[in-house]
Amino acid sequence: MTEMTREQKYATTRDEELVLLAQSGDEEAQEFLLDKYKFLVRAKSRAYFLIGADNEDIIQEGMIGLYKAVRDYNEEKNASLPRLRQRPDRSISRSIPMFL
């Protein structure tokens, strides 16, 4: 029997459910979410430049913001999907300038 890949396992799972799984210790769900939104981190990082810093450093700071968004997500406060998607965007936007 073949094992399902992470992408196959979580492809149809809603973001809210993935966050709850990640918060309960499911590392695969967390990795899936981080990979899913990495494009957003990369897009946000393009707007920033720091002399002597590698673009990967800025992306890493954005990924930390994304991780915090998943970790701190509160289903009762941020119940809708648009709010869940805004949370990483705001966290990324806040984390990158703090690094600079």
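**Note on a six-helix predicted model**

1. The residues of helix α5 that count as buried (under 20% relative accessible area with a 1.4 Å probe, protein chains only; over 50% is exposed and in between is partly exposed) are I58, I59, G62, M63, G65, L66, A69 and V70. Seen down the axis of α5, these buried residues fall within an arc of 155 degrees, so they line one face of the helix; the arc is taken from the directions from the helix axis to the C-beta atoms.

2. This is a predicted model, in which local features need pLDDT of at least 70 and side-chain atom pairs count only at pLDDT 80 or more, while totals for chains, interfaces and linings use all residues. Residues are numbered from 1 along each chain as its sequence is written, and side-chain values use heavy atoms, with hydrogens and water left out.

3. Helix α5 covers residues 55-72, and its 18 residues reach 26 Å from the first C-alpha to the last, close to the 26 Å expected at 1.5 Å a residue, where the expected span is 1.5 Å times one less than the number of residues. The protein as a whole has 6 helices and 0 strands, counted as DSSP runs numbered from the N terminus (helices are H or I with at least four residues, strands E with at least two).

4. Of the 100 residues in the protein, 33% are buried. Among contacts (heavy atoms within 4.5 Å) with a separation of 6 or more, 59% are between residues 24 or more positions apart.

5. The structure holds 2 aromatic pairs, meaning rings of Phe, Tyr or Trp (its six-membered ring) with centres within 6.5 Å, called stacked if the planes are under 30 degrees apart, edge-to-face if over 60 and tilted for the rest. The ring centres of Y10 and F32 lie 5.8 Å apart with the planes at 45 degrees, so this pair is tilted. The pair links distant parts of the chain, since Y10 belongs to helix α1 (residues 6-10) and F32 to helix α3 (residues 27-36), 22 residues apart, and both Y10 and F32 are buried.

6. Y37 and F39 form a stacked pair, at 6.5 Å centre to centre and 25 degrees between the planes. Y37 is buried at a relative accessible area of 8%, whereas F39 is exposed at 57%.

7. The side chain of Y37 also makes a polar contact of 2.3 Å with the side chain of D15 (N or O atoms within 3.5 Å; within protein, one must be able to donate a hydrogen and the other to accept it, and residues adjacent in sequence count only if both atoms are side-chain atoms). D15 is found in helix α2 (residues 15-23) and is buried at 2% relative accessibility.
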